[in-house]
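Hello,

Here is the structure I promised to pass on to you. Please have it open while you read, as the notes below go through it piece by piece.

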Amino acid sequence: MSTDASPLKTIAGIAGLNRRDFLEALTDLLSIIIVHNELVRGKAGEEEGRVMIMKLVNAWIEHLPPVQYVPGLINDIYCVVRRKLWETEGGLSEELLRRALIEAPLLVEQVMAFKDDEVKSTCTSLSLTLRELLKVLHGDEVDYLKYRVLNDVLSDEPSVFKASALFTAIFLSIVIASNAN
């Protein structure tokens with residue numbers, strides 16, 4: 001298995017894929033590699049799969065809208081995320097992965113484009129995706145009261161700031177869960 005993710009960008013450019021199509025292709029590949037790593041756990045090929053997952057996540061990062069800095073959020077997410085993407089024992093569904101990697105960035109971009117009528121529904125969608133993602137990556141229900149910043153982000157009133165902060169939490173969760181160390 002080659003662990004070079006750059007051919008994906010080249011193929012996307014040649015095929016003329018738009019950003020959403022590229023994110024969909026990347027998510028499909030990531031889903032396949034995650035399943036592969038769950039199947040080969042402890043065997044040859046697992047490390048190559050981990051490296052490929054990290055490279056695909058890096059390719060995903062290159063196609064994201066700006067991520068907002070929220071003081072203290074990375075610490076809370078780091079404490080909550082206990083599992084790697086390939087250690088969720090089937091809990092990370094393809095549908096959840098698609099919502100986190102494709103829908104979340106597109107939703108937050110819409111809100112950032114000042115479509116105020118979509119703020120509430122976007123915040124609701126991002127909040128549900130984040131809660132489900134963290135439950136899978138934590139391995140159990142999360143007691144959000146233990147994590148002040150994360151709890152504040154989840155409980156704030158719908159706003160452009162909240163949508164951006166929720167997306168930042170999704171982003172951080174994926175990045176931390178894809179780190180092989």
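Below is what I found in it, from the overall fold down to single residues.

Please keep in mind that this is a predicted model.

**The overall picture**

The protein has eight helices and zero strands, so you will not find a sheet anywhere in it, going by how helices and strands are assigned. Followed along the sequence, the pattern reads α-α-α-α-α-α-α-α. Of the 181 residues in the protein, 46% are buried. If you take the contacts between residues at least 6 apart in sequence, 81% of them join residues at least 24 apart.

**The core**

The largest nonpolar core holds 57 residues. Trp60, Leu73, Ile77, Leu85, Leu134 and Leu150 are the ones with the most contacts inside this core. At least two core residues each come from helix 2 (19-39), helix 3 (46-61), helix 4 (73-80), helix 5 (94-112), helix 6 (119-138), helix 7 (148-155) and helix 8 (160-178). Helix 8 gives the largest share, with eleven residues.

One of those well-connected residues is worth a look by itself. Setting aside residues up to four places away in sequence, Leu73 touches Val149, Leu150, Val153, Ala165, Thr168, Ala169 and Leu172.

**Two partners of helix 8**

Helix 8 packs against helix 6 and also against helix 3, and I looked at each pair in turn.

How do helix 6 and helix 8 lie relative to each other, roughly parallel or roughly antiparallel? Their axes are 9 Å apart and the packing angle is about 25°. Angles under 35 degrees count as roughly parallel, and helix 6 and helix 8 are therefore roughly parallel to each other. Their crossing is left-handed. On the helix 6 side, the contact involves Val119, Thr122, Cys123, Leu126, Ser127, Thr129, Leu130, Leu133, Leu134 and Leu137. Facing them from helix 8 are Val160, Lys162, Ala163, Leu166, Ala169, Ile170, Ser173, Ile174 and Ala177. By class, the residues in this contact of helix 6 with helix 8 are 14 nonpolar, four polar and one charged.

For helix 3 and helix 8, the axes come within 9 Å and cross at roughly 155°. An angle over 145 degrees counts as roughly antiparallel, and that makes helix 3 roughly antiparallel to helix 8. The crossing of helix 3 and helix 8 is left-handed. Ile53, Met54, Val57, Trp60 and Ile61 make the contact from helix 3, and Phe171, Ile174, Val175 and Ser178 make it from helix 8. This contact of helix 3 with helix 8 has eight nonpolar residues, one polar residue and no charged ones. Ile174 of helix 8 appears in the contact with helix 6 and again in the contact with helix 3.

**Four residues to click on**

- Ser173 sits in helix 8. Is Ser173 buried or exposed? Its relative accessibility is 0%, so Ser173 counts as buried. Apart from its neighbours within four places in sequence, Ser173 is in contact with Ile77, Val81, Leu130, Leu133, Leu134 and Leu137.

- Val111 belongs to helix 5. With a relative accessible area of 0%, Val111 is buried. Residues up to four places away in sequence aside, Val111 touches Glu118, Val119, Thr122, Val160 and Ala163. Val111 and Ser159 are 48 residues apart in sequence, and their C-alpha atoms are 8.8 Å apart in space.

- Leu26 is found in helix 2. Leu26 also counts as buried, at 0% relative accessibility. From Leu26 to Trp60 there are 34 residues in sequence and 7.3 Å in space, C-alpha to C-alpha. Trp60 is among the residues with the most contacts inside the core.

- Ile74 lies in helix 4. Its relative accessible area is 45%, which makes Ile74 partly exposed. Not counting neighbours within four places in sequence, Ile74 is in contact with Leu172 and Ile176. Ile74 and Ile176 are 102 residues apart in sequence, with 9.3 Å between their C-alpha atoms.

If you would like one place to begin, try helix 8, which supplies the largest share of the core.

Best wishes

Definitions and conventions: Residues numbered from 1 in each chain as written. Predicted model: local features only at pLDDT ≥ 70, side-chain atom pairs only at ≥ 80, totals over all residues. Heavy atoms only, no water. Core = buried A, V, L, I, M, F, W, Y, C linked by side-chain atoms within 4.5 Å. Buried < 20%, exposed > 50% of the residue type's maximum accessible area, 1.4 Å probe, protein only. Helix = DSSP H or I, 4+ residues; strand = E, 2+ residues; numbered from the N terminus. Contact = heavy atoms within 4.5 Å. Axes fitted to C-alpha atoms, helices over the stretch in contact; angles between N-to-C directions. Parallel < 35°, antiparallel > 145°, perpendicular 65-115°, else oblique. Left-handed = near helix turned anticlockwise from the far one by under 90°. Nonpolar A, V, L, I, M, F, W, Y, C, P; charged D, E, K, R; others polar.
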